[in-house]
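Here are a few exercises to work through with the model open beside you. Try each task before you read its solution.

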Amino acid sequence: MKLKYLSTAMILATLPATGAFAAALDRSGQSIAAFLQPGNYFEAGISVLDPDVSGKDLAGNKTGDMAGDYYFPHAALKLQPTENFSFGLIYDQPFGADAEYKNKSNFVASGSDGVLPGTSLTNGLPVVTGKPNAVGPGGIPVIVNGNGQPVAIALNAAQSGNTSVEVDSQNINFIFGFQPNKNLNFYAGGVYQTVKGDVSLRGQAYSLYNGYDANIPEDSAFGWLAGAAFQIPEIALKASLTYRSEIDHKVNVDESLPLLGPLGSLLVATGKVTPAQLNGLLNASGETKITTPQSVNLDFQTGVMANTVAFANVRWVNWKDFSIQPYKFGQLSKLAGGMLPALGKPNGFNLVDYSDDQWSVTAGVGRKLNEQWAGNVSVGWDSGAGNPVTTLGPTEGYWNVGVGVQYSPTPATFIAGGVKYFWLGDADAVTGAHSAAGTFEDNKAIAYGLKMGYRF
């Protein structure tokens, strides 16, 4: 088949944005394909995602496009100092999020949002933010209508702004490989990872968390990876299996809960909490543990006819065991869960969590057209990480199709690019307390990728 060179170059034409819009916070797909290239090799690339995600809140208000465009670079260097030993460095940005609600909806604070709508604290009145115009029994501030009848309990701490989230991560992978013969490759190494983020919750969808801000300062930690690969270069056959460990981060999150003071005073006045409980919440501080998930990648390619290869990738990510519960957020959630049995969360709840693990599959065919040009087509599927989903990322999985092209001006160099179109899965959005918040349907995304490589 004369596929020896095709196997080492053609498959690189696959779009760099393979994992550009995956489940939960998954972003890059964490490929190690560059490390499995023969000889000495370097590549660098960038992927760009343009999503369009919109829906409706429970009141029927349209959210508008809440998903931000983003890009992430990646680079890799692989050295083969001897026939049996190799070393590699891979940089990517494996996890991330970028979203903001801007249209008038329950995810944007108007200054008079309900805090505990439908919750009876006294006389069955809802609790809202805004300026009171009267004083009710026990000195509780209330809003009265034109007839002097109380219609709501008022907290003089109105909030405004948009719900938003931004999460960034970086990985540097240090990989060492041992090749006992031309067919086998065993590899392992360390992973240095940084994570940081910002979250703002606004609007009546978040109840007493309206106005909540969390700044997660950048933290670094170490993990590891290990795997094995098998290849038969003469027929362009290559298969690899790679495991990545969890990575634990411990940070002191800077949290702001502007409604906690006035709402806490109200709860004390109505006997729902004790002064000691309120003081404990107001002064709460402690470390927050964030564990990025373990994952497994299975990659496969094989020649199917002259100048043609078929390729596939299967990825599993353990999102089911992932959660983020900032310290003060968690302490308040435990109090709220005990105070409001209707929530069904007596032990509190998380800011973000997922109910299922992610599975994704990409498969396609690549063909060498001549000595300089090659192309490929692919199709992909992602399971999502469960439904309902967080309002901070309201889609469930996807289907996609992609095309890629590669130009090799010399045998040692190439430039590859491509585009993928995503049909994003419909989802029901919920808050951290898993209270229904809205529906998101008929959404889409386009990903673009560009990559350059050099063999030396």
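Two strands count as paired if DSSP finds at least two bridges between them. Keep in mind that this is a predicted model.

**Exercise 1.** Find which residue in β30 stands opposite K56, and work out how the strands around this spot are arranged.

*Solution.*
- Step 1: Start with the two strands. β2 and β30 (residues 436-440) run antiparallel and share three bridges.
- Step 2: Check that against the cut-off. Pairing takes at least two bridges, so three bridges will do.
- Step 3: Look across from K56, and you meet T439 in β30.
- Step 4: Zoom out. The order β2-β30-β29-β26 makes an open sheet of four strands, and its pairing is mixed. At the edges sit β2 (55-57) and β26 (389-390), each with a partner on one side only.

**Exercise 2.** Classify the ring pair F35 and Y187: how do the planes sit, and which parts of the chain does the pair tie together?

*Solution.*
- Step 1: Use the distance. The ring centres are 5.8 Å apart, and the cut-off for a pair is 6.5 Å.
- Step 2: Use the angle. The planes meet at 65°, so this pair is edge-to-face.
- Step 3: Place the residues. F35 is in the loop between α1 (4-9) and β1 (41-52), while Y187 belongs to strand β14 (residues 184-200), so the pair links parts 152 residues apart in sequence.
- Step 4: Check the surroundings: F35 and Y187 are both buried.

**Exercise 3.** Now do Y70 and F72: what kind of aromatic pair do they form, and is Y70 buried or exposed?

*Solution.*
- Step 1: The centres are 6.2 Å apart and the planes 35° apart, which makes a tilted pair.
- Step 2: Buried means under 20% relative accessible area. Y70 has 13%, so Y70 is buried.
- Step 3: F72 has a relative accessible area of 2%, so F72 is buried too.

**Exercise 4.** Put these details into the whole protein: how many helices and strands does it have, and what percentage of its residues is buried?

*Solution.*
- Step 1: Count the elements: four helices and 31 strands.
- Step 2: Of the 456 residues, 52% are buried.
- Step 3: Take the contacts between residues at least 6 apart in sequence: 71% of them join residues at least 24 apart.
- Step 4: Finish with the rings. The protein has 22 aromatic pairs, and F95, W319, F322 and Y354 form one aromatic cluster.

Key
Residues numbered from 1 in each chain as written. Predicted model: local features only at pLDDT ≥ 70, side-chain atom pairs only at ≥ 80, totals over all residues. Heavy atoms only, no water. Buried < 20%, exposed > 50% of the residue type's maximum accessible area, 1.4 Å probe, protein only. Contact = heavy atoms within 4.5 Å. Phe/Tyr/Trp six-rings, centres within 6.5 Å; stacked < 30°, edge-to-face > 60°.
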